[in-house]
Structures are given as C-alpha cells and as structure tokens.
Amino acid sequence: MTVTSEQRFGEFVVVRVHEGQEHVAELVLDRPKAMNAVSTDMARSIAAACAELAADPGVRVTVLTSSHERAFCVGADLKERNSFTDAELLRQRPTARAAYTGVLELPMPTIAAVHGFALGGGFELALSCDLIVADRTAVVGLPEVSVGVIPGGGGTQLLPRRIGAARAAELVFTARRVEAAEARDSGLVDELVEAGRDREAALVLAGRIAANSPVGLRAAKRALRLGHGLDLRAGLEVEDAAWRSVAFSGDRAEGVAAFNEKRKPNWPGE
C-alpha cells in the first residue's frame, strides 16, 4: 500500500494513512531493536499518538501494527525496569498506564494485527483493541507473575471479559504462552490468517468497517463498551443513550437517503 501521510511520535511510534484508505489510521509500534518492548519513551509516544487519533474526526478505524518481523510487542522494557529504584518505578506508572488507556479509550473501532510474540503488556495492547487479527506465528500470553508482578495494562480485567473468569485465571496464574491455533479456538484472538497476513487482513477488515457511518461506529462502540457487564435493563439504557446520539445526526439522514436512492452514502460525519 502507498503511504499518503505519516507522522512520527517520538522515536518508536508512527501513524500512517494509506492511499485508498483515508479513514483508516495505522498505528505502528516501531522499536524493532527491542522487539517493541515498551519503554517509558515509547509509552509516552503511544499515549500521544492515541490522543491525536482520538481528536481526529476523520479517523473511522485504527489498526495497531508492528514493524518487527517476529514480534508484535514483548511487553514492558524489563531492562529499563531493572535500573529503576522503587521511587522511579512508582513515578513511571502513570506514564505506562496512559499508553494502555490511550489505546483502550480510542473512540473509534480498533483492530490489533498480531504476529509473533504478543506477551505481557504487548498482549494487553492487543486486548485493549476491539478485535484481534493474528497470523499463525502468533504466541500470546500474560506471563507477569513469572517475574513477580501482575498484568498492569488492563490484562486482569480485559482477559476475563474476552474468555471468561476461569480460563483467564488459568492463563494468568500459570503464566503460560498460547500459540495461534489455541488462541483462536479459545477466543483470545478473533481471526487467524496465514503467516505474514495479519496486517493485510486487519487493514482489509478496517476498510470494510470504515465504509460505515463514523457517527454510528463511535456510538456503537460506546454502547458495546459501556453496556458490557451491566444487567439487561441498565444495558438497554446505555444503548438508548447511544441511539439518541445518532438518531438526529447528519449521518443518519444521509444513510437513510442513500438507502432509498440506491447509492453509496457520503457520510458528513456529524
């Protein structure tokens, strides 16, 4: 794909837009020498990139990818962490959290394209996305208890929401790594493709999603996220609030008009 625009955030994060997919942003983890281990500087860059993407009404879908051939992201930079004092680790915590919440709170649909290792914080970045496309080289897991900590990028909360409490507990407590076929069968990833095809497949899926109303997509994501875990009555109230936010929008008017006129909609995005 031809890159039509590119913006770098610090040394380790790039946001790209490709020709023919102007409403899809590719958020690239680009620290290949460290297999995308998330350092303090990289965490700041992820958070900054997400803040800019969140504020851009033209972005309908974000795809999280990796520039490393053998890894999506291996998690926190433990070499950096090894040099920290307790006080330095405590001061770094808000910076680390901001990277994960930045991805989690993106208002548009998000897709992670995973290959190779996605471990610890790397897998948590993927779990923070709405959908995960993985290739057959993928190995995922939350091994934090094996080094004396716990998942700290949302893993203890996101994983049970994806696969259930008991299966999540087994993976967290054993710290084991899960290969691609089991990951697909257990729901850890949503789509499994041939080796080397994860990014391509994720961008194709993003293009299909981005063809739809940007107002509708963001409202649907709010309803899905905010309603999860609520009882049915409360969940329906969340859905109703999201419906009201789009029912009188320009996108709704254009969508109905385009349907009746048998043409593709030209979404105003408002």
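This section describes the charged and aromatic side-chain contacts of the structure, which is a predicted model.

Side chains of opposite charge can pair when their charged atoms come close. The model contains 16 salt bridges. One of them joins Asp77 to Arg31, with a separation of 2.9 Å between the closest N and O atoms. Asp77 belongs to the loop between β5 (71-73) and α2 (78-82), whereas Arg31 belongs to the loop between β3 (21-29) and α1 (40-54); the salt bridge therefore ties together parts that are 46 residues apart in sequence. Both partners fall under the 20% limit for buried residues: Asp77 has a relative accessibility of 10% and so counts as buried, and Arg31, at 16%, is likewise assigned to the buried class. Arg31 also takes part in a contact with an aromatic ring, for it lies over the face of Phe12 at 5.0 Å from the ring centre. Arg31 is thus found both in the salt bridge with Asp77 and over the ring of Phe12.

A further salt bridge is formed by Arg225 and Asp130, whose closest N and O atoms are 2.9 Å apart. This pair links distant parts of the chain, with Arg225 in helix α9 (residues 214-227) and Asp130 in the loop between α4 (121-127) and β8 (131-135), 95 residues apart. Arg225 is partly exposed, at 31% relative accessibility, and Asp130 is also partly exposed, with a relative accessible area of 27%. The contact does not stand alone, since Asp130, Lys221 and Arg225 are linked in a network of salt bridges.

Among the remaining salt bridges is that between the side chains of Glu200 and Arg197, with an N to O distance of 2.7 Å. Glu200 is partly exposed, with a relative accessibility of 38%, and Arg197 counts as partly exposed at 40%.

With regard to contacts between aromatic rings, the count comes to one pair. The pair consists of Trp243 and Phe248, whose ring centres are 6.3 Å apart and whose planes meet at 75 degrees, in an edge-to-face arrangement. The edge-to-face assignment applies because planes over 60 degrees apart are placed in that class. The two residues fall into separate accessibility classes: Trp243 is partly exposed, with a relative accessible area of 48%, while Phe248 counts as exposed at 69%. The boundary that divides these two classes lies at 50% relative accessible area.

Technical notes:
Residues numbered from 1 in each chain as written. Predicted model: local features only at pLDDT ≥ 70, side-chain atom pairs only at ≥ 80, totals over all residues. Heavy atoms only, no water. Phe/Tyr/Trp six-rings, centres within 6.5 Å; stacked < 30°, edge-to-face > 60°. Buried < 20%, exposed > 50% of the residue type's maximum accessible area, 1.4 Å probe, protein only. Lys NZ or Arg CZ within 6 Å of the ring centre and 35° of its normal. Salt bridge = Lys/Arg side-chain N within 4 Å of Asp/Glu carboxyl O. Helix = DSSP H or I, 4+ residues; strand = E, 2+ residues; numbered from the N terminus.
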